[in-house]
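Trainee: Could you take me through one part of this structure slowly, please? I would love a close look at the sheet and how its strands are arranged.

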Amino acid sequence: MGKEIILSPSLLSVDFAHIADGIKELDRAEVPALHLDVMDGAFVPNISFGAPVIKCLRKETNMIFDVHLMVEEPVRYIDDFKKAGADWVTVHAECCKHLHRTITAIKEAGMKAGVALNPATPVSVIDYVLDEVDMVLVMSVNPGFGGQSFIPSSLRKIVEVRKLIDERNLDVRIEVDGGVNLKNVGEVIKSGADVIVAGSAVFNGDIYENSTKFMEKFRERGSDGAER
Ligand SMILES: O=C(CO)[C@@H](O)[C@H](O)COP(=O)(O)O
Ligand SMILES: [Co+2]
């Protein structure tokens, strides 16, 4: 029996003039996690928000704070995100000169550590750190923006990561991020993902209704053969 599937809506697609209202809707729907995309304008073309904003949001909800750092050399900011209230911190393998050291620093700070892979990055890059991480984030779009289309080859990558995790009998989650919607989420779960990020698919429209539909789909997953 697989793990419970977690919905982690990406706040990047919220109406930033009404962030607290958006978070209230997610809480009302009992969404377990909130995906927070931190972008530095260097690794990715976009600039979003950082630890000071996350610290303010921490007062609004008890949801798991799932922080996705799209930042060069993120090891410089681990303590800032810990102090801001992050629970999970995911760094890009492409951003770390010393990936193992960065993962160790996240765990020593008392947070769960994730490693993210861009669509063009092979799974082999994480071979020697897989035993150290709590989560692998498979990017299913090129990072930087919400609202992009899911890249189909990501499914093959999810299957590959799942195989490695299961072969080694590891307790590692697979998060999938980018272009996930109610139509393709079944396939994403079937491939082996157990943390689902959805930005535009949750925040474009009725936030409560959209997130509830995702979570209902997760509960039904046994009936479509997607349960692992
Ligand atoms: O990390 C990123 C983009 O870089 C994501 O978290 C997106 O913000 C997800 O948004 P959708 O693709 O679901 O609209
Ligand atoms: Co993200």
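Mentor: Happy to! In this predicted model, the sheet is an open one built from 8 strands, and their pairing is parallel. Reading across the sheet, the order is β1-β8-β7-β6-β5-β4-β3-β2. Try tracing that order with your finger, and you will arrive at the two edge strands, β1 (6-9) and β2 (33-39), each of which pairs on one side only. As you go, look at the tilt as well: on average, neighbouring strands of this sheet are turned by 25° against each other, with direction ignored.

It helps to recall what holds such an arrangement together. Strands of a sheet pair through backbone hydrogen bonds, in either a parallel or an antiparallel way.

Now zoom in on the β2 edge. The partner of β2 here is strand β3, residues 64-70, and the two run parallel over 7 bridges. For a landmark, find His35: Asp66 in β3 stands opposite His35.

Finally, step back to see the chain around the sheet. Along with its 8 strands, the chain has 8 helices. Its radius of gyration is 16 Å, close to the 17 Å that the globule rule gives for 228 residues, so the chain is as compact as a globular protein of that length. Along the principal axes, its C-alpha atoms fill a box of roughly 40 × 40 × 30 Å. Of the 228 residues, 44% are buried. Among contacts with a separation of 6 or more, 66% join residues 24 or more positions apart.

How values were computed: Residues are numbered from 1 along each chain as its sequence is written. Chains are lettered from A and ligands numbered from 1 in the order in which they are written. This is a predicted model: local features need pLDDT of at least 70, side-chain atom pairs count only at pLDDT 80 or more; totals for chains, interfaces and linings use all residues. Two strands pair if DSSP finds at least two bridges between them. Helices (H or I, at least four residues) and strands (E, at least two) are DSSP runs, numbered from the N terminus. Axes are lines fitted to C-alpha atoms, for helices over the stretch in contact, and angles run from 0 to 180 degrees between N-to-C directions. The radius of gyration is taken over C-alpha atoms; the globule rule is 2.2 Å times the number of residues to the power 0.38. A residue is buried if 20 or more other C-beta atoms lie within 10 Å of its own, exposed if 12 or fewer, and partly exposed in between; C-beta atoms are placed from the backbone. Two residues are in contact if their C-beta atoms, placed from the backbone, lie within 7 Å.
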